[in-house]
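Work through the exercises below with the structure open. Try each task before reading its solution.

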Amino acid sequence: TWTPAAFVETTVAELKAKIGDEKVILGLSGGVDSSVAAVLLNKAIGDNLHCIFVNNGLLRKNEFDDVLHQYKDMGLNVKGVDASARFLDALEGESDPEKKRKTIGRVFIEVFDDEAHKVENAKWLAQGTIYPDVIESVSATGGPSATIKSHHNVGGLPDFMKLKVVEPLKMLFKDEVRRVGKSMGLEPNLLGRHPFPGPGLAIRILGNITREKVAILQEVDHIFIQGLKDWGLYDKVWQAGAMLLPVNSVGVMGDERTYEKCVALRAVESTDGMTADWVNLPYEFLQKTSNDIINKVPGVNRVVYDISSKPPATIEWE
Ligand code: XMP
């Protein structure tokens, strides 16, 4: 019978034999798969594993710093690369969802390739690919591996793509990855994270992206997600997030008429992201969250809750 501990023991031995004393590069996304892959490889080859964690400027509030610290505390040899400006500049004026995705994928590859070149004599590229990625060849959870796969045939092959590939989680399902992570002592907050799309908040800001909109959405999203955690609802939800809509609506604040932005909150139940149902969150929670958002986030005067299931509505709005 399959056990996480036996998997770890066998895989670490195999990785040692396969890689020897060669260097490996791995892109961390903050998600479960790349984190578990990194810890497994770290157990096998230590600091010969060079992890790269890129801030694309479209992550959740405080995410880059918090997760980078957590990775360092776990003993990973990780380099944080803040490429926010490069991504946001490249996205300027872009409103089309697929073009946003392409731009982010392209810039990610450029940044990752630059960083990979700085690791001298690297021989391997590790990826957190899991079994469903292999059969669908599209990752529902995203992250660097998904980005790389869907874009590697655009233009010439970047140099890191010429490395030998190692994918230690390739035969595992998501729940098995979580169990493996748990058996190696990964923190529950890392293992229980909701899926988050590779293009991040870019596809939750409908229309063009500005630094101001990113800042607004980060605050809104933070209030919503922290609220779910405080109310013990986070683990009951498969994925949640906020969308910044490209509409202003009229409101009143004191004696003043306002004309400000509207945000939509979305929380879904799902097993694989292919189908999803909206979650029946308690009215009291929605009431409190809506008040907090409108009172604390300047520029937002209206909050709506998305009650659409997939299909036909997708989880993301773009
Ligand atoms: P949809 O919106 O298609 O989302 O119902 C299903 C799941 O996929 C995630 N998603 C993405 N992940 N890059 C990613 O890495 C993307 O471009 C992307 N689009 C959607 C979404 O967050 C959900 O978990």
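The model is predicted.

**Exercise 1. Neighbours of a core cysteine**

Task: Which residues does C51 touch, leaving out those up to four places away in sequence?

Solution.
- Step 1. Apply the contact cut-off: C-beta atoms must lie within 7 Å.
- Step 2. List the partners of C51. They are L26, L28, A38, Y71, L76, N77 and V78.
- Step 3. Place C51 in the wider packing. The largest nonpolar core has 73 residues, and C51 is among those with the most contacts inside it, along with V24, L26, L41 and V220.
- Step 4. Find the main contributor. Helix α2 (residues 32-45) gives the most to this core, with 9 residues.
- Step 5. Check the domains. This core draws at least three residues from each of domain 1 (4-191) and domain 2 (204-305).

**Exercise 2. An annotated segment**

Task: Are S34 and S35 buried or exposed?

Solution.
- Step 1. Start from the record. An unreviewed UniProt entry places the feature "binding site" at S29, G30, G31, V32, D33, S34 and S35.
- Step 2. Locate the two serines. S34 lies in helix α2, and S35 is found in helix α2 as well.
- Step 3. Recall the threshold: a residue is buried if 20 or more other C-beta atoms lie within 10 Å of its own.
- Step 4. Count for S34. It has 24 other C-beta atoms within 10 Å, so S34 is buried.
- Step 5. Count for S35. It has 27 other C-beta atoms within 10 Å, so S35 is buried.
- Step 6. Add the contacts. Beyond its neighbours within four places in sequence, S35 is in contact with L28, G181, L186 and L190.

**Exercise 3. Two domains**

Task: How many residues does the contact take from domain 1 and from domain 2?

Solution.
- Step 1. Set the bounds. The assignment gives domain 1 (4-191) and domain 2 (204-305).
- Step 2. Take the separation. Over C-alpha atoms, the domain centres lie 29 Å apart.
- Step 3. Count the contact. Domain 1 supplies 11 residues, and domain 2 supplies 11 residues.
- Step 4. Sort the side of domain 1 that touches domain 2. It divides into 5 nonpolar, 3 polar and 3 charged residues.

**Exercise 4. A glycine in a strand**

Task: Why does G241 count as buried, and what does G241 touch?

Solution.
- Step 1. Locate G241. It is found in strand β6 (residues 239-253).
- Step 2. Count. G241 counts as buried because it has 27 C-beta neighbours inside 10 Å.
- Step 3. List the contacts, not counting residues up to four places away in sequence. G241 touches R204, D221 and R266.
- Step 4. Take one of these pairs. G241 and D221 are 20 residues apart along the chain, and their C-alpha atoms are separated by 6.0 Å.

**Exercise 5. The whole chain**

Task: Why does the radius of gyration agree with that of a compact globule?

Solution.
- Step 1. Take the expected value. For 318 residues, a compact globule would have a radius of gyration near 20 Å.
- Step 2. Compare. The protein chain has 20 Å, so the two agree.
- Step 3. Add the box. Along the principal axes, the C-alpha atoms fill roughly 70 × 45 × 35 Å.
- Step 4. Add burial. Of the 318 residues, 36% count as buried.
- Step 5. Add contact range. Among contacts between residues at least 6 apart in sequence, 75% join residues at least 24 apart.
- Step 6. Finish with secondary structure. The chain has 11 helices and 9 strands.

Key:
Residues are numbered from 1 along each chain as its sequence is written. This is a predicted model: local features need pLDDT of at least 70, side-chain atom pairs count only at pLDDT 80 or more; totals for chains, interfaces and linings use all residues. Helices (H or I, at least four residues) and strands (E, at least two) are DSSP runs, numbered from the N terminus. The radius of gyration is taken over C-alpha atoms; the globule rule is 2.2 Å times the number of residues to the power 0.38. A residue is buried if 20 or more other C-beta atoms lie within 10 Å of its own, exposed if 12 or fewer, and partly exposed in between; C-beta atoms are placed from the backbone. Two residues are in contact if their C-beta atoms, placed from the backbone, lie within 7 Å. A nonpolar core is a set of buried Ala, Val, Leu, Ile, Met, Phe, Trp, Tyr and Cys residues joined through C-beta atoms within 7 Å. Domain bounds come from an automatic or database domain assignment. UniProt positions are given in the numbering used here, feature names are shortened, and annotations may be inferred rather than shown by experiment. Ala, Val, Leu, Ile, Met, Phe, Trp, Tyr, Cys and Pro count as nonpolar, Asp, Glu, Lys and Arg as charged, and the others, Gly among them, as polar.
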